[in-house]
Amino acid sequence: MENTKNRSLGAASTGLKAIPFFTQLTERELELVRSLSTEKHYPKNAVVLTEGEMGDSLFMIRSGKVKVFIGDQDGREMILKILGPGDFFGEMSMIDKQPRSASVTTLETSAFLVLSHSAFEKAIEQVPRIATIVMRILAQRVREADKKIGTLALMDVYGRVASTLLELAVMDNGKLMVGEKLSQQDLANMVGASREMVNRILKDLSERGFISVESKSITIINRELPPSL
Ligand code: CMP
């Protein structure tokens, strides 16, 4: 197996970010989707979908942010993905009519357009391209999930934290920043580690000058983050 100890993670993180669903539709197509949907509003920290429950609607995010996670009976959770404006979720049960594969809760006040299975079929009848866009996004999600499996199986916690920071980071005013309102517990739930461990790693990366941790964000100063201690 390739030795990753001495390589930085910078090169591995330059993949394209997924393009949100909404931005791939024309104004006319968006209008059609809107006319077939109902709008729903949720406050911060509200449960939108629960893993294991039946449901056949797809949710498109107009505003706000959600976390997609799986949990166990002791209340531990693994965050699979954070989704924001223009993204959708709930498509899996809508397509295969199986129980929800994960839970979804809001991280902020959020507004959604909700499409039922029959409304989705109508949308595809009128704009077949929508099916292609949804398939493309599903393929991207499988790629990301594969990457995550690799990260969990092959990297230690240090590498997982570093790679997750790079995955979440976006350019903002010339700075590479993780602007998500994520707590250290959320970050721990994304990498399958304890909050204390994540705290120690952030401190170490900060002391070594790779990142700077502010109260609501993390700035990546040197993107060549080390994959291990
Ligand atoms: P569904 O199974 O209907 O309900 C839970 C939703 O979470 C699921 O549809 C997807 O929309 C979303 N989801 C599940 N796994 C992932 C993942 N690995 N990445 C992004 N979204 C996911």
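**A ligand and a pocket**

Of the 13 residues around the ligand (each with a heavy atom within 4 Å of it), G90, E91, S93, R100 and S101 come nearest. Keep in mind that this is a predicted model: local features need pLDDT of at least 70, side-chain atom pairs count only at pLDDT 80 or more, and totals for chains, interfaces and linings use all residues. Residues are numbered from 1 along each chain as its sequence is written, and side-chain values use heavy atoms, with hydrogens and water left out.

**Contacts with the ligand**

- Polar contacts here are pairs of N or O atoms within 3.5 Å.
- A polar side-chain atom of R100 sits 2.7 Å from a ligand oxygen, and a side-chain N or O atom of S101 also lies 2.7 Å from an oxygen atom of the ligand.
- M92 joins in with a backbone N or O atom, 3.4 Å from a ligand oxygen.

**The shell around the ligand**

- Helix 2 (91-96) and strand 5 (77-83) each give two or more residues to the shell, where helices are DSSP runs of H or I with at least four residues and strands are E runs of at least two, numbered from the N terminus.
- Helix 2 has the largest share, with three residues.

**The second largest pocket**

- This pocket holds about 240 Å³ of space.
- Its lining has 16 residues, and L182, S215, K216, S217 and I218 are the closest to its centre.
- A pocket is an open set of points on a 1 Å grid over the protein atoms alone, where a 1.4 Å probe fits, with protein on both sides within 12 Å along at least five of seven lines; lining residues have an atom within 4 Å of a point.
- Volume is the space filled by probe spheres set on the points, which are joined across faces, edges and corners.
- Helix 5 (157-168) and helix 6 (184-191) each supply at least two lining residues.

Conventions. A polar contact is a pair of N or O atoms within 3.5 Å; within protein, one must be able to donate a hydrogen and the other to accept it, and residues adjacent in sequence count only if both atoms are side-chain atoms.
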